[in-house]
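Got the model open in your viewer? Let's walk through it one selection at a time.

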Amino acid sequence: MFTLSTAPKLQLTTLPNGIRVVTQQIQGMQSAAVGIRIDSSTRNEEPETGGASHFIEHLLFKGTPSRDADRITDEFNSIGARANAYTSQEEVFYYAVSLASIIPATFDILADMFVNSWLPGDEVEKERGVVLQEILMNQDNPGRFIYNQFHQGFWQGHPLGTPILGTAETIGNISRERLMEHKLRNYLSNATIVSVAGNVEHDEVVEQAARLLAELPTGTPKGKKPSEGYRVAVGQNVHYQRTMEQTHFYMGYPLPPAGNEHRHKLAVLNQILGSGMNSRLFREVRERRGLAYTVYSMMSSYTDSAGLMIYAGTGPERAQEAVDVCHGEVLRFCDEKVSEEMLAAAKEQIRCARLMALDDCETQVRRISNTTSLLGAPEPIELSLEAISAVTAEEVQEVAGLLFQGVVPRVESVGPGEGPGLPR
């Protein structure tokens, strides 16, 4: 049973050069995960270097002065570690999962890549082709295509609206020298977070981080900011005509940025709206009306902006109905309080999901890194669960009225015909 005495031990240390080291110690786990996050991504790119952050993410695995690409892969493999990375709108995150006892060796390889990768010229050219294929793959996949298009449209005029992968033109033209220049200008100590989750000792991680990352240049990357008074682009709809069987769409509503005072109420609202088989969207759109196989809602939160997004894939002849029904379910929160039974079930779903996630060190290493960046410190799970437990039905209705009443969402779709319009 989860109690305060059994809660994971969270610790945060800031090194003299500004690197933050956060650990979550979970006794008894065999596995552990180590991550290095750089708070620099698409909002730190120039127009002609769009996609550089993601391109560099690929290239960090391709060689350092002491390890070539094959040796990096072989060393991870020889100690049973699994390494990966991802790029989002605001960060690039490199991580590896291994036995807890192997974390020092795993961290050593990861840190060498992060600090010393020199982006070999021949690897740049090979990986350029890989990234170009990734761009084409995203174009061919309707779900990924419309997600990317919606994100760019919703945040048009904002650095968050820059495509993570870049374009075929920018990736095709960017040189190794520009990539290296981008890395040296952005991979800086004050924007770096080291996170480790599992059965590990904080002080040992701090000592290793200080030693392995000592050569990281100091400073903070310069990121772009939106214009004063910026607003996301709602009340618009765009359709991309394509010969296919279904229409896929996203619709979105503006939210306050990450770390806002309403975040726990919104987590409960989102759970009720579109998370799982008991959600309102699942029951109304799929079970009662048979409009879609897949329908859900999600929140995308960033340092200075956020959005609630709804996705569904449906037949083109019923796409407008699906948009109307989804919007109606959002507005229901403004017009009526959720029942106490539904509220309690949503809270329990969140509680159980977060506690079960403690068994997944990969999920936890991302979580503590993310909350450290967005909130300024890692968020103890017991405090977040207490906040979720305290949410009332009145608060859910109040925050819905504050954020959604009178708002016309943005709708973007891909599929045959003219596509759906704004909700009626």
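Start by selecting Gly-290, which comes after helix α10 and has a positive phi, near 60°. Keep in mind as you go that this is a predicted model.

Now step back to α10 itself, residues 280–288. Which of its residues are buried? Colour Arg-280, Leu-281, Phe-282, Glu-284 and Val-285, and you have them. An α-helix has 3.6 residues a turn, so residues three or four places apart point the same way. Next, show what those buried residues pack against: α9 (263–274), β9 (292–301), β10 (306–314), α11 (319–335) and α12 (340–356). Turn the view until you see α10 lying across β9 and β10; its direction makes about 150° with β9.

**The five-stranded sheet**

With β9 and β10 on screen, add the rest of their sheet. Five strands make it up, in the order β7-β11-β8-β10-β9; the sheet is open and its pairing is mixed. At the edges you'll find β7 (237–241) and β9, each pairing on one side only. Neighbouring strands here are turned by 15° against each other on average, direction ignored.

Select β8, residues 247–255. Eight of its nine residues are buried, so β8 is largely enclosed by the rest of the structure. On one pairing, β8 runs antiparallel to β10, with nine bridges joining them; look for Thr-247 opposite Thr-314 in β10. β8 is also antiparallel to β11 (residues 410–415), joined to that strand by five bridges. To follow this second pairing, click through three pairs:

- Phe-249, opposite Ser-413 in β11
- Met-251, opposite Val-411 in β11
- Gly-252, opposite Arg-410 in β11

Stay on β11 for a moment. Is this strand enclosed or open to the outside? Six of its six residues are buried, so β11 is largely enclosed by the rest of the structure. In a regular strand the side chains alternate between the two faces of the sheet. Try two colours for β11: Arg-410, Glu-412 and Val-414 on one side, then Val-411, Ser-413 and Gly-415 on the other. Both faces are covered, and these residues are all buried.

Before leaving, bring up β7, which pairs with β11 in the parallel sense over five bridges. Asn-237 has Val-411 of β11 as its bridge partner.

**The six-stranded sheet**

Now for another sheet. Six strands form this open one, and you can trace them in the order β1-β2-β6-β3-β5-β4, with mixed pairing. β1 (9–14) and β4 (82–87) stand at the edges with a single partner strand each, so one side of each is left without a neighbour in the sheet. From one strand to the next, the twist averages 15°.

Zoom in on β3 (residues 31–38) and β6 (residues 192–198), an antiparallel pair with seven bridges. Val-34 sits opposite Val-196 in β6. Then show helix α3 (residues 103–116), which packs on the sheet and touches β3, β5 (92–99) and β6; its direction makes about 20° with that of β3.

Helix α8 (residues 202–212) is your next selection. Its buried residues are His-202, Val-205, Val-206, Gln-208, Ala-209 and Leu-212, and they pack against β1, β2 (20–25), α3 and β6.

**Around α3 and α4**

Go to the loop between α3 and α4 and pick out Leu-119. Most residues other than glycine have a negative phi, and most peptide bonds are trans. Leu-119, though not a glycine, has a positive phi of about 50°. Buried or exposed? Leu-119 counts as buried, at 0% relative accessibility.

Move along to Glu-125 in helix α4 (residues 121–140). Glu-125 is partly exposed, with a relative accessible area of 48%. Draw a C-alpha to C-alpha distance from Glu-125 to Ile-109: they are 16 residues apart in sequence and 24 Å apart in space.

**Last stop: a pocket**

Finally, switch on the surface. Rolling a probe the size of a water molecule over the atoms shows where empty space is left. Where should you look for the centre of the second largest pocket? Asp-39, Arg-43, Glu-90, Gly-223 and Thr-303 lie nearest to it, out of 18 lining residues. The volume of this second largest pocket is about 330 Å³. Colour its lining by type and you'll get three nonpolar, seven polar and eight charged residues.

Key: Residues are numbered from 1 along each chain as its sequence is written. This is a predicted model: local features need pLDDT of at least 70, side-chain atom pairs count only at pLDDT 80 or more; totals for chains, interfaces and linings use all residues. Side-chain values use heavy atoms; hydrogens and water are left out. Two strands pair if DSSP finds at least two bridges between them. Helices (H or I, at least four residues) and strands (E, at least two) are DSSP runs, numbered from the N terminus. Axes are lines fitted to C-alpha atoms, for helices over the stretch in contact, and angles run from 0 to 180 degrees between N-to-C directions. Contact means heavy atoms within 4.5 Å. On a 1 Å grid over the protein atoms alone, a cavity is a set of points where a 1.4 Å probe fits but cannot get out, and a pocket is an open set with protein on both sides within 12 Å along at least five of seven lines; lining residues have an atom within 4 Å of a point. Grid points are joined across faces, edges and corners, and a volume is the space filled by probe spheres set on the points. Ala, Val, Leu, Ile, Met, Phe, Trp, Tyr, Cys and Pro count as nonpolar, Asp, Glu, Lys and Arg as charged, and the others, Gly among them, as polar. Buried means under 20% relative accessible area, exposed over 50%, partly exposed in between (1.4 Å probe, protein chains only).
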